[in-house]
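Open the model in your viewer and keep the selection panel at hand. We will start with the whole chain and then move to one sheet.

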Amino acid sequence: MLYSAGVSRAVIAGLLLLWAGGAQAQVAPIEVNATAIPVDRFEPGGARRFGPLEFRGGLVLSSPAADFGGISGLVIQPDGANFRAITDKGMWLAGRIEAEGDRPTGISGALMAPIQAAKDRTLARDGRGDVESLARTATGYVVGIERQQEVWSFPAGPLTAPGKRLIADPALMGLGNNQGPEALLAPPGATPAPIIVIGEESPSDPGVLPGFLFDPGAKPALTGRFTITRVDEFSATDAAISDDGQVYLLERRYDALRGVALRLRRFPLSEIREGAAITGETLLQANRAASIDNMEAIALHRNAAGELILTLMSDDNFSPLQRTLLLRFAVVE
């Protein structure tokens, strides 16, 4: 290629433009190709019924995209297909879950983009990349950020839409550095619109999971606290509210001796109130013999038959020794 002063000036001008608006220039969503391998059995024996839950199928997902993985929060639209997820590298992942009936078969139309903070900067660039929880609100989404112990809000719409800090409260700062807002709930139709935060663990009481009630429009925003009984060293990783007013709590345990384990509990949303001590009903508990990994995300929708469908996803920690799993169960009691 011949050297040209005109071309050189154009290149330099372009580089200066990218440097000046660098973060903004990097947020355009990128297409992600995800390979899906079916998970036909949840447990080695092939059982499909687990109390009130029925296993409907699953996938092992992988992609050559460097930022794919680390999924820690998930919401699914009422159609049961279109979804939005967050990763603990501060990325959005959006796309469509293809399925035959309730059995997932693959991911299509997947896009990823850095979660955008204000002033054309990303959450990751601002030291807020460890995004651990996600919930849908009437106007968009809220995400929980570990280590910084904050909750941010984002409008519905493009993945590139910037957000703003909604909650930064001393109560959350009291959580452990790696035990932050692992689960968010935004009850629909409530006035004022509350935000419920469930911490991964309590920094002071190993027998409970800490819960916080916030009214973002109030001063102070913290309006109450509650606890959920912690059982057998399981920690909270996510939660979601069903349309019949039940909270489904996803929990995980890991230690070197027993390996990874999964628990699902359920309790009425109405039990969450100031001073409450909640136990709930255990729906499912599974150990490393089952098709599980570091399960950190749960989303709910109704299928065409009116059954409640639970979709779980795992955080592979960007490790080649772990997997990104998508599992589906139906509530069939």
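The tour below goes from overall views to single residues.

**Whole chain.** Select everything. Remember that this is a predicted model. Colour by secondary structure: you should find three helices and 24 strands. Now turn the C-alpha trace along its principal axes. Its spans there are about 75 × 50 × 40 Å. Why call the chain a compact globule? A chain of 333 residues would then have a radius of gyration near 20 Å, and the 21 Å found here agrees with that.

**Inside and outside.** Next, show the surface. About 14,800 Å² is accessible, and carbon and sulfur atoms hold 54% of that area. Buried residues account for 53% of the 333 in the chain. Switch on contacts. Of those between residues at least 6 apart in sequence, 53% link residues at least 24 apart.

**Charges.** Select the charged side chains. There are 31 positive and 38 negative ones. The centres of these two sets lie 3 Å apart.

**One open sheet.** Select strands 13, 14, 15, 16 and 20. These five form an open sheet with mixed pairing, in the order 13-14-15-16-20. Which strands are at the edges? They are strand 13 (181–185) and strand 20 (277–278), and each pairs on one side only.

**Strands 13 and 14.** Zoom in on strand 13 and its partner, strand 14 (residues 195–199). The two run antiparallel and are joined by four bridges. Finish by selecting Pro181: opposite it, in strand 14, stands Gly199.

Key:
Residues numbered from 1 in each chain as written. Predicted model: local features only at pLDDT ≥ 70, side-chain atom pairs only at ≥ 80, totals over all residues. Heavy atoms only, no water. Rg over C-alpha atoms; globule rule 2.2 N^0.38 Å. Buried < 20%, exposed > 50% of the residue type's maximum accessible area, 1.4 Å probe, protein only. Contact = heavy atoms within 4.5 Å. Areas by Shrake-Rupley, 256 points an atom, 1.4 Å probe, with all protein chains shown as cover. Lys, Arg positive; Asp, Glu negative; His and termini not counted. Charge placed at Lys NZ, Arg CZ, Asp CG, Glu CD. Pairing = 2+ DSSP bridges.
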